Amino acid sequence: MNRNITARMVCIVTLSLAAVLLLCTVAGAQNISGVINGRNGATMTVQTQDAGNVVVVLNDYTTVEDVSGLFHARKKQMGLTVLEPGLQVQVQGNYNAQNQLVADTIKFNGKALQNATDIQAGVTPVEQQEQAQQQKIAQQQAQLQQEKQAQQQQQAELTAEQAKIAANKAAIAAVNKRFGELADYNIWDEVTVYFGNDKVTVDPQYDSKLLALCQKAKTVTGYVIQVKGYASAVGSAALNQKLSQERAANVTDFLDQQCHIPLTNVLAPGAMGTSKQVAPDTTVEGQAENRRVVVRVLQNKGIAGS
């Protein structure tokens, strides 16, 4: 009899201690409710009404349940991946030494999950639109930079072209000064050689005229032959200057090689460009008259005595 009483007493004490431990565990468990507002690795942050932001620790033992129906009678086990920002949850667990709630059970309602998914679906397009807008702005900035560089290059080219034009004008002025005023000379003879459009070669039809001019020049004491080349005002100034120079040079070569005129008696070929046009460049005929080289036999009035 004593043995039976002793065994019953031990059983009662054991059950009592188990009950106390269970009550202590239940009493120590904490429950919070709120909305997930962040995930960071194995933790998430839950915004609660009373405690503010609570850091919740997730582990392999954390149970996630989708509960619905009256008194949450229907439960469905879910994975940790459904815990996304915007989801309304109820978390049960215990706080660790870092004051983080180590989750044992996390519950949510299916409707709340759908709401969170809708929220994420709304956030993602906004982020994509923002990225697209930023890319568009970056592309526009790159295009503006390219346009700026192109404008700078065009300005540099324009400046260089203006410098060439100024140099050509200065060269023409120097030639005119070198030739001097015709008022100081007697003109003994003159031949005008015309050229085709963009042509610089002396047409053979002018050979006899130039030979006759040279023969007459040789009879004049102290003669010099003046050669001035011109171009029509069609095309760029630089091209016209070049054409007038080449035309004058070719006529000078003819005087030297065919007429045997010493170059000491020839004034350096004058590239006059489009200066001193003799006809309007608005017509084909006028342009033809302006494409010319004028050759003159000159004698200083001081030598002639008049």
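**Exercise 1. Burial and overall make-up**

What percentage of the 306 residues in the protein is buried? Work it out, then sketch the overall make-up.

*Solution.* Keep in mind that this is a predicted model. Start with the burial tally: buried residues account for 29% of the 306 residues. Next, go through the secondary structure, which gives six helices and eleven strands. Then take the surface: the accessible area is about 19,300 Å², and carbon and sulfur atoms own 54% of that. Finally, check the contacts between residues at least 6 apart in sequence: 68% of them join residues at least 24 apart.

**Exercise 2. Tracking down the salt bridges**

Find how many salt bridges the protein has, and say where each one sits.

*Solution.* The cut-off you need is a side-chain nitrogen of Lys or Arg within 4 Å of a carboxyl oxygen of Asp or Glu. Run that and you get two salt bridges.

Take Glu-190 and Arg-296: their side chains meet with an N to O distance of 2.6 Å. Glu-190 belongs to strand 8 (residues 185–194) and Arg-296 to strand 11 (residues 292–300), so this pair ties together parts 106 residues apart in sequence. Now classify the partners, with buried meaning under 20% relative accessible area and exposed over 50%. Arg-296, at 17%, is therefore buried, whereas Glu-190, at 39%, is partly exposed.

Then there's Lys-242 with Glu-246, whose closest N and O atoms are 2.6 Å apart. Here both residues sit in helix 4 (residues 237–257), four residues apart, or about one turn of the helix. Lys-242 has 48% relative accessibility, so it counts as partly exposed. Glu-246, at 27%, is partly exposed too.

**Exercise 3. Reading strand 2 and its neighbours**

Which side chains of strand 2 (residues 43–48) point to the buried face? Follow up by tracing the strand's pairings.

*Solution.* Walk along the strand and the side chains alternate. Met-44, Val-46 and Thr-48 point to one face and are buried; Thr-43, Thr-45 and Gln-47 point to the other face and aren't.

Now look at strand 1 (residues 30–40), which runs antiparallel to strand 2 and is joined to it by six bridges. Within this pairing, Val-46 has Ile-36 opposite it. The hairpin leaves two residues between the strands, and Gly-41 takes a positive phi near 65 degrees there.

Turn to strand 3 (residues 53–57): five bridges link it to strand 2, again antiparallel. Met-44 has Val-56 as its bridge partner. This hairpin has four residues between its strands, with Gly-52 at a positive phi near 75 degrees.

Note on methods:
Residues are numbered from 1 along each chain as its sequence is written. This is a predicted model: local features need pLDDT of at least 70, side-chain atom pairs count only at pLDDT 80 or more; totals for chains, interfaces and linings use all residues. Side-chain values use heavy atoms; hydrogens and water are left out. Buried means under 20% relative accessible area, exposed over 50%, partly exposed in between (1.4 Å probe, protein chains only). Contact means heavy atoms within 4.5 Å. Accessible areas come from the Shrake-Rupley method with a 1.4 Å probe; for residues, only the protein chains shown count as cover. Two strands pair if DSSP finds at least two bridges between them.
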